[in-house]
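Reader: I should like to go through this structure with you and ask how each term is justified. Please set the values against the definitions.

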Amino acid sequence: MKFSAILRTLWLFVLTRVLLVIVTYVGYILLNTPRDSTQAVKLEDMLMVWARWDALNFLRIAQHGYQVPTDFAFFPFFPLLIASISQYLGPWSYWLVGFMLSNLALFGTLLLLYQLAADIGGEKVACKAQLLFCIFPTSFYFFTAYNETLFLFFALGTLLALRRHHWWTAGLLGCLAALTRSVGLMLVFPFLVELWLQKDRVAINKRTLFFCLLPMLLIPLGTALYSLYCWYSTGDPIIFATVQENWSRRSAWPWAGIASAIYDLIWEQPFGSFYQAHILLDLGATLSFLALLLAGWRRIRLSYSIYNLILLLFCLVNPSLTHADPLISMQRLVLEEAPAFITLGFLCIEHPRLDKALQVFFAALLVTLSMIFYMNSWMV
């Protein structure tokens with residue numbers, strides 16, 4: 001990777017982090033401090049407003065371990081990393097370490113995304129994909145102590161290693177992805193696709209094929225290790241799945257959540273209701289990334305499209321049909337389909353007006369949703 005590309009990625013990373021700090025400063029001062037206040041605001045207090053929702057769960061698990069059944073919905077590698085560092089620094093450091101890990105993982109993810117995109121569409125597409133990824137309306141989750149960026153770092157690292165035919169590296173990174181988020185197990189599918197694409201080279205004999213398939217087993221090993229821990233701790237090896245009922249998630253056909261969301265949007269939710277806005281965000285994100293999946297089928301590598309397809313299906317077959325927002329969290333979960341931003345980069349290069357419109361729309365909504373999140377309003 002060229003030094004100039006690394007430098008551009010660093011500038012994009014820094015500028016978007018500074019943007020979120022400015023948004024935090026303005027929102028915190030105008031919305032959180034008393035009128036006519038003359039007291040100074042500490043930087044650490046201002047940034048602590050980002051310790052919301054699942055970030056608090058990860059930090060609590062890092063500090064005190066798994067305590068209640070719903071804790072097991074959060075896979076262990078991210079809180080384990082926080083704990084492994086903060087135990088030497090002291091209790092004050094858990095939030096700071098989680099915050100730093102999330103943002104450092106984002107920088108690594110941006111470098112990997114650039115390389116994946118540049119291999120397909122060149123430098124312009126890669127830079128555009130990075131920009132749109134950073135200013136996507138829910139990319140503020142990358143700024144706080146969520147495990148999305150760590151998962152994406154391992155997942156995109158797996159895809160790049162597969163592209164380079166580094167099977168053992170791909171297996172190891174896939175194992176870490178599976179220990180970070182449940183959907184990491186799905187990296188088995190792009191692994192199989194890449195092996196199939198290289199079938200003329202790897203299937204020379206059974207021995208060669210065996211040694212190519214062997215590292216793939218590291219991916220389900222990550223999930224198996226966590227299942228063993230769950231079994232030892234609770235007696236239920238898949239408690240991370242069974243506790244999803246706490247969020248009204250149940251297995252259904254892939255189209256059930258979309259159909260339910262459309263029905264609720266038209267018939268159930270009154271105009272201007274809280275859940276109407278949430279359904280619009282989640283349904284809009286779902287349909288947009290479904291469209292990107294279709295648009296990218298011939299534009300990006302097959303294994304990347306399969307990765308996007310499997311992740312989208314994984315979310316759609318577990319909707320919250322009894323919840324007021326059947327596609328709950330999809331506005332965040334679509335971020336894990338990072339190769340879709342390569343497709344979006346292609347489209348924006350081909351259609352400059354679309355590019356300008358999306359940049360304005362993404363940035364404006366990013367600022368708005370960021371403020372909603374850190375002011376502790378429900379975003380998921």
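Reader: What phi does Gly235 take, just after H12?

Author: Gly235, which comes just after H12, takes a positive phi of about 85°. The model is a predicted one, in which local features need pLDDT of at least 70 and side-chain atom pairs count only at pLDDT 80 or more, while totals for chains, interfaces and linings use all residues. Residues are numbered from 1 along each chain as its sequence is written, and side-chain values use heavy atoms, with hydrogens and water left out.

Reader: How do you know that the span of helix H12 agrees with its number of residues?

Author: Helices (H or I, at least four residues) are DSSP runs, numbered from the N terminus. The expected span is 1.5 Å times one less than the number of residues. H12 has 17 residues (218-234) and should therefore span 24 Å; its end C-alpha atoms are 24 Å apart, which agrees.

Reader: Which residues of H12 are buried, and what puts them on the same side?

Author: Buried means under 20% relative accessible area, exposed over 50%, and partly exposed in between, with a 1.4 Å probe and protein chains only. The buried residues of H12 are Ile219, Gly222, Thr223, Tyr226, Ser227 and Cys230. They cover an arc (that of the directions from the helix axis to the C-beta atoms) of only 130° around the axis, so they are on the same side of H12. On the other side of H12, Leu228, Trp231 and Tyr232 are exposed. The cover over the buried residues of H12 includes helix H8 (167-180), helix H9 (188-197) and helix H13 (239-242).

Reader: Why is Ser329 called buried?

Author: Its relative accessible area is 5%, so Ser329 is buried. Ser329 lies in the loop between helix H16 (302-316) and helix H17 (330-333), and has a positive phi of about 80° although it is not a glycine.

Reader: Why is Trp53 called partly exposed?

Author: Trp53 has a relative accessible area of 32%, and is therefore partly exposed. Trp53 is also not a glycine, yet has a positive phi of about 50°. Its place is the loop between helix H2 (43-47) and helix H3 (54-64).

Reader: What makes Thr138 count as buried, and with which residues is Thr138 in contact?

Author: Relative accessibility is 2% for Thr138, which therefore counts as buried. Contact means heavy atoms within 4.5 Å. Leaving aside neighbours within four places in sequence, Thr138 is in contact with Gln331, Arg332, Leu335 and Leu369.

Reader: What makes Arg8 and Glu123 a salt bridge?

Author: A salt bridge is a side-chain nitrogen of Lys or Arg within 4 Å of a carboxyl oxygen of Asp or Glu, so the N to O distance decides. For the side chains of Arg8 and Glu123 that distance is 3.0 Å. The pair links distant parts of the chain, with Arg8 in helix H1 (residues 3-32) and Glu123 in helix H6, 115 residues apart. Arg8 is partly exposed, at 33% relative accessible area, and Glu123 is partly exposed, at 39%.

Reader: Which parts does the salt bridge of Asp355 and Lys128 tie together?

Author: The side chains of Asp355 and Lys128 meet at 2.8 Å, N to O. Asp355 lies in helix H19 (residues 352-374) and Lys128 in helix H6, so the pair ties together parts that are 227 residues apart in sequence. Asp355 and Lys128 are both buried.

Reader: How many salt bridges does the structure hold, and which residues are linked in a network?

Author: The structure holds ten salt bridges. Asp54, Glu148, Arg181, Arg332 and Glu336 are linked in a network of them.

Key:
Helices (H or I, at least four residues) and strands (E, at least two) are DSSP runs, numbered from the N terminus.
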